[in-house]
Amino acid sequence: MTDILSTIAAENGIIESNNTQANTDTDNQAATTDATEENKVTFTDLGIAKPILTALDRSGYTNPTPIQAQAIPFALEGRDLLLSAQTGSGKTAAFVIPVLDRLSRATSFDKLTKALILTPTRELAQQVHDSVRTYSKDM
């Protein structure tokens, strides 16, 4: 199923067509390890707002995982995301960081960004909640 979604996403220009294996480390381990040869992008390179970068840095995140490096630029442009990757690859941050970025840049007269995050379980909802709190700590 993942291969089908990846192929569809590549055909529609959502992701680059490559066959790199998804990182199976947890969000914390993957984000704090040195960047691989294919992924030398930092969160700063992605143009994320300073308060979010500060919170990411405080949490030890410097380099996005491959799914984050591919998805965040599209989401920052306001494009829809359809992500499929293994558990622990950083999907939550891939969609939460752009939402928080937009919220952090909004003026008091421009609070049009709203987000509804649905999860299939309470445990996942708690994990998403914790991520949002961590990444938005300096907003």
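# Helix H3 and its surroundings

The buried residues of H3 pack against helix H5 (91-105) and helix H6 (122-135). This is a predicted model, and H3 is a good place to start reading it.

**Helix H3**

H3 spans residues 50-58. Which of its residues are buried? They are Ile52, Leu53, Ala55 and Leu56. These four cover an arc of only 165° around the axis, which puts them on the same side of H3. Now turn to the face directed away from that buried side. There you find the exposed residues Lys50 and Asp57. After H3 comes Gly60. The phi of Gly60 is positive, near 90°.

**The whole chain**

How many helices and strands does the protein chain have? There are six helices and zero strands. Along the sequence, the pattern reads α-α-α-α-α-α. The chain has 139 residues, and 27% of them count as buried. Its exposed surface comes to about 9100 Å². Carbon and sulfur atoms supply 51% of that area.

Contacts also link distant parts of the sequence. Take the contacts with a separation of 6 or more: residues 24 or more positions apart account for 66% of them.

**How confident is the prediction?**

The pLDDT of the protein chain averages 78. At least 70 is the score of 68% of the residues. Two helices mark the ends of the range among the elements of the chain:

| Helix | Place among the elements | Mean pLDDT |
|---|---|---|
| H2 (residues 27-32) | lowest | 42 |
| H6 | highest | 94 |

Over residues 19-39 the pLDDT is below 50. In the model, this stretch has 34 contacts beyond near neighbours in sequence. Take care with such contacts. Where pLDDT is low, the predicted coordinates should not be read in detail.

**The nonpolar core**

The largest nonpolar core has 14 residues. Those with the most contacts inside it are Phe43, Ile48, Ile52, Leu56, Ile72, Ile97 and Tyr135. H3 and H5 each supply at least two residues of this core. Which helix gives the most? That is H5, with four residues. Two names are familiar from H3: Ile52 and Leu56 are among its buried residues.

Phe43 shows how a core residue is surrounded. Leave aside its neighbours within four places in sequence. Phe43 is then in contact with Ile48, Leu53, Leu56, Tyr61, Thr62, Asn63, Pro64, Gln68, Ile72 and Ile97.

**Thr92 in helix H5**

Thr92 is found in helix H5. Is Thr92 buried or exposed? At 16% relative accessibility, Thr92 counts as buried, because the cut-off for buried is under 20%. Leaving aside neighbours within four places in sequence, Thr92 is in contact with Val128 and Ser131.

**An aromatic pair**

A pair of aromatic rings is described by the distance of the centres and the angle of the planes. The count for this model comes to one aromatic pair. Tyr61 and Tyr135 form the pair, and its geometry is edge-to-face. The rings lie 6.1 Å apart, centre to centre, with 65° between the planes. Why does this pair tie together separate parts of the chain? Tyr61 lies in the loop between H3 and helix H4 (66-76), while Tyr135 lies in helix H6, so the pair joins parts that are 74 residues apart in sequence. Tyr61 is buried, and so is Tyr135. Tyr135 also belongs to the core described above, and Tyr61 is one of the contacts of Phe43.

Technical notes. Residues numbered from 1 in each chain as written. Predicted model: local features only at pLDDT ≥ 70, side-chain atom pairs only at ≥ 80, totals over all residues. Heavy atoms only, no water. Buried < 20%, exposed > 50% of the residue type's maximum accessible area, 1.4 Å probe, protein only. Arc of directions from axis to C-beta. Contact = heavy atoms within 4.5 Å. Areas by Shrake-Rupley, 256 points an atom, 1.4 Å probe, with all protein chains shown as cover. pLDDT = per-residue confidence, 0-100. Core = buried A, V, L, I, M, F, W, Y, C linked by side-chain atoms within 4.5 Å. Phe/Tyr/Trp six-rings, centres within 6.5 Å; stacked < 30°, edge-to-face > 60°.
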